[in-house]
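Me: Could you take a close look at one part of this structure for me, and then show me how its surroundings are put together? I would like one connected walk through it, residue by residue where that helps.

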Amino acid sequence: MLSGSGCALWIVLLSHLETAYASYSEDQCSWMGSGLSQQPGSVEQISLHCAEGSLDWLYPKGALRLSLSPRLPSGAVGPGGEGRSSGLITACIKPEETFRGAQIYLERDGVLELLVGDRPDSPRPPRVRCFSRPPGEKVALFLQATPHQDISRRIAAFQYELRGDWNARLSLDSNTVHHEGACRPCNDTEILMAVCTSDFVVRGNIRSVLNDEDLRVSVIKVSASRVYRQKYSLFPTGGRLTKAGEIRTLLQCGVKPGAGSFLFTGRVHFGEAWLGCAPRYKDFRRAYEEARNAHEIPCEVASD
């Protein structure tokens, strides 16, 4: 039998263990918890207020309701926009390859739509799922644990991103082909806006193109001769001071290797570069010089 001090110490340890099983990150962007700390039949309410983060649910039991309401800048413009935002907020979730033990539903107007199913034995990597909502409408996800006798190896974990500046070029809903204009070449106005607003702007050549039929994406391997801007280290320095990196785009766009110099622009999506506008460099310089002569350039770009 434990003494009074021993009991007190055990209670303190249990309280710390309970806290460790369900906790927010310091920036309130991510959450980690365990089904072992939940009451049977309960639904734990979670609220995150960042544009990106993650959720890790260990040993899923019961259910979670996740509310995502990030503070996004208004009037954001995407690389393929017409100079104004549609006002829609695009949310994407990327399950980890080890996602097990739960299903993820999108909650909208009281109706649950399945986004990610349980993947106990699937050999294929999970796909990114995206959806949009109008401004003012909160994004709510419902996670339901699936019954398993052994939950010791079940972890339902995923990353999320919410943006107000994505359009069809980065709408990666893998189950519904809804990419109107996703492969359409950018016009001069769109090219200039992309150069000013994209997460990366790189001049370079296409080394090769690899197609992934399962994920329905093409991976463009690029040798960069100049990096004007990049978010994170997308194009690290390689041999002889050249920079190499990868840019992804939709498989349906049918990208092929081509000779010549291109200006690649786009967004960073779950740490990966996704293609926006990619004109030949000579076409970008022509559009830029014409806009500068007309005093209509949206931003200055260093000349070579």
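Reply: Let's begin with Asp109, which sits in the loop joining β7 (102–108) to β8. Please keep in mind throughout that this is a predicted model. Asp109 has a relative accessible area of 73%, and because the cut-off for exposed is over 50%, the residue counts as exposed. Its backbone deserves a glance too: phi is near 55 degrees, a positive value in a residue that is not glycine. Tyr232 is another non-glycine residue with a positive phi, here about 65 degrees. Tyr232 belongs to the loop between β13 and β14 (243–250).

If you follow the chain on through β8 (111–116), you come to the loop that leads to β9 (129–133), where Pro125 is placed. Pro125 has 33% relative accessibility, so it is classed as partly exposed. Leaving out residues up to four places away in sequence, Pro125 touches Glu97, Arg119 and Leu215. Its C-alpha atom is also 8.8 Å from that of Pro95, although 30 residues separate the two along the chain.

It helps to set these loops against the whole. The protein has 3 helices and 16 strands, and 43% of its 304 residues count as buried. Taking contacts with a separation of 6 or more, 65% come from residues 24 or more positions apart. The exposed surface is about 16000 Å², with carbon and sulfur atoms supplying 52% of it.

From here, helix α2 (residues 188–197) makes a good centre for the rest of the tour. At its N-terminal end, Asn187 acts as a cap, with a side-chain oxygen 3.2 Å from the backbone nitrogen of Thr189. Which residues of α2 are buried? They are Glu190, Ile191, Leu192, Met193, Ala194 and Val195. Their cover includes β12 (200–212), β13 (217–229), β15 and α3.

Take α3 as the first of these neighbours. The axes of α2 and α3 (residues 281–293) are 10 Å apart and meet at an angle of about 90 degrees. That value falls between 65 and 115 degrees, so the pair counts as roughly perpendicular. On the α2 side, Asp188, Ile191, Leu192 and Val195 take part, and they meet Phe284, Arg286, Ala287, Tyr288, Glu290 and Ala291 of α3. By residue type, this contact is made of 7 nonpolar and 3 charged residues, with no polar ones.

Next comes β13, where Arg229 is found. Arg229 is partly exposed because its relative accessibility is 31%. Its side chain reaches the backbone oxygen of Val195 at 2.9 Å, and Val195 is one of the buried residues of α2. Setting aside sequence neighbours up to four places away, Arg229 touches Val195, Cys196, Thr197, Ser198, Asp199, Phe200, Val201 and Val202. With Val202, the C-alpha distance is 6.9 Å across a sequence gap of 27 residues.

Strand β15 (residues 262–269) brings in Thr265. Is Thr265 buried or exposed? Its relative accessibility is 1%, so Thr265 counts as buried. A polar atom of the Thr265 side chain lies 2.8 Å from the backbone oxygen of Cys277. Beyond four places in sequence, the contacts of Thr265 include Ala194, Val195, Ser198, Phe200 and Val201 on one stretch of the chain, and Trp274, Leu275, Gly276 and Cys277 on another. Val195 thus turns up in the contacts of Thr265, in those of Arg229, and among the α2 residues that meet α3.

For one last comparison, look at Ser34 in strand β2 (residues 31–34). Ser34 is also counted as buried, because its relative accessibility is 1%. The side chain of Ser34 reaches the backbone nitrogen of Leu36 at 3.0 Å, whereas the side chain of Thr265 has a backbone oxygen as its partner.

Notes:
Residues numbered from 1 in each chain as written. Predicted model: local features only at pLDDT ≥ 70, side-chain atom pairs only at ≥ 80, totals over all residues. Heavy atoms only, no water. Helix = DSSP H or I, 4+ residues; strand = E, 2+ residues; numbered from the N terminus. Buried < 20%, exposed > 50% of the residue type's maximum accessible area, 1.4 Å probe, protein only. Polar contact = N/O pair within 3.5 Å; in protein donor to acceptor, adjacent residues only side chain to side chain. Contact = heavy atoms within 4.5 Å. Axes fitted to C-alpha atoms, helices over the stretch in contact; angles between N-to-C directions. Parallel < 35°, antiparallel > 145°, perpendicular 65-115°, else oblique. Nonpolar A, V, L, I, M, F, W, Y, C, P; charged D, E, K, R; others polar. Areas by Shrake-Rupley, 256 points an atom, 1.4 Å probe, with all protein chains shown as cover.
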